[in-house]
Amino acid sequence: MEKKRGIDSFTLHILAMLFMLCDHLWATLFPAQEWMTCVGRLAFPIFAFMIAEGCYYTSNVKKYLIMGSSVFYPFHQNVLWTFLLGVLSIQIIEKAKKKQKKWISFFVVCLVLLMDFLLGTITMVDYNAAGILTVLLFYFFRKKTWISFAAQLVGLYYLNVVMLGNLYYPVTILGHHFEIAQQSFALLALIPIWLYHGEQGYHNKWFKYFCYAFYPVHMLLLVAVLNFINR
């Protein structure tokens, strides 16, 4: 069998975790290295894409009902709560589709989008409403077509630059001055996402549990190192 060209799921997972680690290293140990958080912007869209892919193709949705690694905090929730709301939204839409009435599906989609916007804003999950809508963006436009690629590009631009773009870097090129939003680097995540060929690649039980543990374990280690340095 001829090997498909592109990136498999295993590679996407590794890239997303490395990008996340880079961002968290900046937030804890290397705050002066601004480039690290710019690289870290690529992590969330890749994770959101994989969540949407997993929800669409899995026969066991329960394993995608991710619980947050901490209890509900009244001022800000971690990224796992963002993904949880995204997964629940997809399941509500999928159940509405089974009704086989287009007007019901359309009404449910509109209602879900509205509720996600309100919940994401009120509960202040990570990336706010834009984070939940990113998962849905990849769910709605998951096909390998130019229309889907264009929708992903425009959608990510709106969600990251328009909705989340509150930090800009001044840039001068050939005497022309303009600004680049820090969140605009998230659009670069589309490169590995578009190169994804749909295959799982390397998979093993140890790697599955490694992925589950990566978020809480690396956060705990970074905090422990930071506390040791600040003694």
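1. A good place to start is the hairpin of β1 and β2 in this predicted model. The hairpin has 2 residues between its strands, and leucine 174 takes a positive phi near 55° there. The strands themselves, β1 (residues 168–173) and β2 (residues 176–181), run antiparallel and pair over 6 bridges. If you would like one pair to look at, threonine 172 has histidine 177 in β2 as its bridge partner.

2. Next, have a look at helix α6, residues 128–140. Its 13 residues, at 1.5 Å a residue, should span 18 Å, and the end C-alpha atoms lie 19 Å apart, which agrees.

3. Is α6 enclosed or exposed? Of its 13 residues, 11 are buried, so the helix is largely enclosed by the rest of the structure. Among the buried ones you will find Gly131, Thr134, Phe138 and Tyr139.

4. Phe138 also turns up in the largest nonpolar core, which has 46 residues. Together with Ile46, Phe47 and Phe83, Phe138 touches the most other members of that core. Several elements give two or more residues to this core, including α1 (9–28), α4 (79–97), α6 and α9 (205–229). The most comes from α3, which gives 10 residues.

5. Finally, which residues does isoleucine 46 touch? Leaving aside residues up to four places away in sequence, isoleucine 46 is in contact with Leu12, Ala16, Phe19, Ala189, Pro192 and Ile193. Two of the elements that give two or more residues to the core, α1 (9–28) and α8 (190–195), are worth viewing alongside these contacts.

Notes:
Residues are numbered from 1 along each chain as its sequence is written. This is a predicted model: local features need pLDDT of at least 70, side-chain atom pairs count only at pLDDT 80 or more; totals for chains, interfaces and linings use all residues. Side-chain values use heavy atoms; hydrogens and water are left out. Helices (H or I, at least four residues) and strands (E, at least two) are DSSP runs, numbered from the N terminus. The expected span of a helix is 1.5 Å times one less than its number of residues. Buried means under 20% relative accessible area, exposed over 50%, partly exposed in between (1.4 Å probe, protein chains only). A nonpolar core is a set of buried Ala, Val, Leu, Ile, Met, Phe, Trp, Tyr and Cys residues joined through side-chain atoms within 4.5 Å. Contact means heavy atoms within 4.5 Å. Two strands pair if DSSP finds at least two bridges between them.
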